[in-house]
Amino acid sequence: MDRILALKAVRGTRDTLPEEAEGWSDIEALSRRILQTYHYREIRTPIFEETGLFVRSIGETSDIVTKQMFTFLDRKGRSITLRPEGTAPVVRAYLEHNLQREGSLGKLFYIGPFFRSERPQAGRGRQFHQIGAEAIGSPDPALDVECISVLLHLFRDLELGELEVHLNSVGCKKCQPEYKEVLLQYLRGKIISLCPDCQSRLERNPLRALDCKRERCRSIAGEAPVLMEYLCPSCSQHFKEVQAHLNDLQIPYRLNPHLVRGLDYYTRTAFEVTHPKLGAQNALAAGGRFDNLIEEMGGPSTPAVGFAVGLERIILARGGKLTTPARELIIYLAPAGAEAHRQSVKLLHELRRRGIKSEMDYQKRSLRGQLRLANRFKAKYVAIIGEREVREKVVSLKDMRSSQQEEIALSDVVGVITQKEASDLEPVDLERPPILG
Ligand SMILES: [Zn+2]
Ligand SMILES: [Zn+2]
């Protein structure tokens, strides 16, 4: 064995093979359609950005910035980072391209890969994929609720079953400091029981201890004073309105005072959607308001709210499998001999130009071998073109479902197949297109 080149995907990354990739693109297509229904428009930002963008937006003390980023120097010595999350790049693009100039709401969504150097485990790769959306430009609590309802709409159509919405408010610049002081008092009394990370960042950001995944910190966090009781009047009013809209839309939710988001920029509403298969530590989707981020990034003071969904989490919630059977081929051409091969290449070209999904033999298989392959490709028809057929300018068209065979003129094949396909079209259920085989 050659040990120099392993020729394997890097740890924490994986290949998505065709039968899975088709399922992924179904989920992506469904997400696009639903997000567009809620009037979000797609944005595609680069895979890498200047490191400073993430340090500034996510916060220097966050786990993402201190431990998880893939950061490297480019050839000119600039620090570059593979994007670990989607909000900062979207806000950067929003500001860079002046998307606020029309004065309307910026409603943007993205689908793509993100990168964090974590210990790989089920549903958490070092390259992972998210669908996210941001509504930039309004403090209206109805938008917070819109984020939750678009998620639930998506998960309903993905048939994910029973889900739970966890809701909290993490306050604003005005009320957070008072709460932080109270929390700090409480945590200082427990400092020896906290994990080293939480100890070291306690004074800078005590909120992190509430979000720490370590068992010892979690039990301390469980007893901590809750932010909900320290909200200022306007945050409290905002939170009430979020809940009123959720009630109006009959969206069940659970108040969770211990829900804080891991990133510095969150304000007011914080939410997570959890699935029983994933457990509380593995939310299917998470989001919230970030009313200060845009200003902190150098833009005008602009309220915003958004969310992100983990695609791998969706797949885990569906049972960890995402295989779609190979999709059917309309016609497979089975030539025998050089002249038949040549005629097949021409016919295939014509079929494909008419949008008919078709394939031919390129491996000089026997007729029996070709029919076997056509079956595996789920071909509806096979056109057999042997020496006699070439001489008589015909093909033997075999219907693979009925096994019936008819002889038609070579020049009629495209027309006949087009006609058969048109009469074969089943009515499409537009409301609920078939997803994932
Ligand atoms: Zn407040
Ligand atoms: Zn901790």
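Which side chains meet in a salt bridge at 3.7 Å, N to O? Select D63 and K67: their side chains form this contact in the predicted model.

**First stop: helix α3.** Both D63 and K67 belong to helix α3 (residues 63-68), where they sit four residues apart, about one turn of the helix. D63 is partly exposed, with 31% relative accessibility, and K67 is likewise partly exposed, at 43%.

**Second stop: the network.** Add D197, R201 and R214 to the selection; together with D63 and K67, they are linked in a network of salt bridges. Within this group, the side chains of D197 and R214 meet at 3.5 Å, N to O. D197 lies in helix α7 (residues 196-201), while R214 is found in the loop between α8 (207-211) and α9 (215-222), 17 residues apart.

**Third stop: R32 and E42.** Here another salt bridge joins two side chains, at 2.7 Å, N to O. R32 is in helix α1 (residues 18-37) and E42 in strand β1 (residues 41-42), so that the pair links distant parts of the chain. The whole structure contains 27 salt bridges.

**Fourth stop: the sheet.** Turn next to an open sheet of five strands, ordered β13-β12-β14-β15-β16, with mixed pairing. Its edge strands are β13 (358-360) and β16 (405-409). Select β15 (residues 394-399), which runs antiparallel to β16 and is joined to that strand by five bridges. K398 stands opposite Q405 in β16.

**Last stop: the helices across the sheet.** Helix α13 (residues 338-353) lies across β12, β13 and β14, running at about 165° to β13. Helix α16 (residues 413-424) lies across β12, β14, β15 and β16, at about 165° to β14.

How values were computed. Residues are numbered from 1 along each chain as its sequence is written. Chains are lettered from A and ligands numbered from 1 in the order in which they are written. This is a predicted model: local features need pLDDT of at least 70, side-chain atom pairs count only at pLDDT 80 or more; totals for chains, interfaces and linings use all residues. Side-chain values use heavy atoms; hydrogens and water are left out. Two strands pair if DSSP finds at least two bridges between them. Helices (H or I, at least four residues) and strands (E, at least two) are DSSP runs, numbered from the N terminus. Contact means heavy atoms within 4.5 Å. Axes are lines fitted to C-alpha atoms, for helices over the stretch in contact, and angles run from 0 to 180 degrees between N-to-C directions. A salt bridge is a side-chain nitrogen of Lys or Arg within 4 Å of a carboxyl oxygen of Asp or Glu. Buried means under 20% relative accessible area, exposed over 50%, partly exposed in between (1.4 Å probe, protein chains only).
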